[in-house]
Amino acid sequence: MKDTVTIALPKGRLLNPSMDLFRKNGLLPRGLQANSRKLLFENPKHRIRMMIVRAVDVPTYVEYGAADMGIVGKDVLLEQEPDVYEPLDLRFGACRIIVAGPKTAAVTPTGSAAKLKIATKYPRITERYFNEKGLSVEIIRLSGAIELAPLVGLAEQIVDLITTGTTLRENHLEEQAVIAQSTARLIVNRASLKTKAKTIMDLIRQLQETVGETTE
């Protein structure tokens, strides 16, 4: 039905709290579980359909209209800069994007290169941050085990997303600067906000009330 709202939920650390948010409103489709191999779920009573996708893909599904709404970390939005409406900070999944490096020795470029080498899975955020500082850097893109890069001489510093900083400390790295704070955000497709305005705005209000109750 044309009034059905499709919502993209992110796999990973934000999935369970996202499910809890909709469960509190009685909106979670039956059978939707974090460990399910099924990826698409229907709630015909409330005209809601939910899909589970990789967190980094949520903005794409929403921007291109395959999903009307989605939940994703602010870190992903800062990196991808999708053309979506961001009406609500859901206030869970708090973490921060940081610059980190070895505890010992000053950070200096290695070899003859004048540029600092920065390892990260956030190349756009990293480039913007260091450009604003007036520093020329070489960005080395990694998809995991970012903390290893300074330990083996691949990079002088890293830019990464952390929650507690335990992994940094275990690898003898220290937080040197905070680039941005990140929490889960509700995003909405801009066309859907017009064509399904009442349904979507009602959902936003429901979620906003729930978020307010859980954070008081």
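These notes cover a helix, a sheet and the salt bridges of a predicted model.

1. **Helix 1.** This helix spans residues 15–24. Its buried residues are Leu 15, Ser 18, Met 19, Leu 21 and Phe 22. They sit on the same side of helix 1, because they cover an arc of only 155° around the axis. Gly 26 follows the helix, with a positive phi near 70°.

2. **The sheet.** Five strands form an open sheet. Their order is 8-7-9-6-10, and the pairing is mixed. Strand 8 (137–141) and strand 10 (173–182) are the edges. Each has a single partner strand, so one side of each lacks a neighbour in the sheet. On average, neighbouring strands are turned by 25° against each other, direction ignored.

3. **The strand 7 and strand 8 pairing.** Strand 7 covers residues 116–120. It runs parallel to strand 8, and 5 bridges join the two. One residue to look up is Lys 117, whose bridge partner in strand 8 is Glu 138.

4. **Helix 4 on the sheet.** Helix 4 (residues 123–132) lies across strand 6 (95–102), strand 7, strand 8, strand 9 (157–162) and strand 10. Against strand 8 it runs at about 165°.

5. **Asp 83 and Arg 190.** The structure has 11 salt bridges. In one of them, the side chains of Asp 83 and Arg 190 meet at 2.8 Å, N to O. The partners are 107 residues apart and link distant parts of the chain. Asp 83 is in the loop between helix 3 (74–80) and strand 5 (85–89), while Arg 190 belongs to helix 7 (residues 190–195). Asp 83 is partly exposed, at 46% relative accessible area. Arg 190 is partly exposed too, at 43%.

6. **Glu 86 and Arg 185.** This salt bridge has an N to O distance of 2.9 Å. It links strand 5, which holds Glu 86, to strand 11 (residues 184–188), which holds Arg 185. The two residues are 99 residues apart. How do they stand for burial: is Arg 185 buried or exposed? Arg 185 counts as buried, with 14% relative accessibility. Glu 86 is partly exposed at 32%.

7. **Glu 175 and Arg 96.** The closest N and O atoms of this salt bridge are 3.0 Å apart. Glu 175 is in strand 10 and Arg 96 in strand 6, with their positions 79 residues apart in the chain. Glu 175 is partly exposed, with a relative accessible area of 33%.

8. **A shared network.** Lys 74, Glu 86, Asp 89 and Arg 185 form one network, joined by salt bridges that share partners.

Conventions. Residues numbered from 1 in each chain as written. Predicted model: local features only at pLDDT ≥ 70, side-chain atom pairs only at ≥ 80, totals over all residues. Heavy atoms only, no water. Buried < 20%, exposed > 50% of the residue type's maximum accessible area, 1.4 Å probe, protein only. Helix = DSSP H or I, 4+ residues; strand = E, 2+ residues; numbered from the N terminus. Arc of directions from axis to C-beta. Pairing = 2+ DSSP bridges. Axes fitted to C-alpha atoms, helices over the stretch in contact; angles between N-to-C directions. Contact = heavy atoms within 4.5 Å. Salt bridge = Lys/Arg side-chain N within 4 Å of Asp/Glu carboxyl O.
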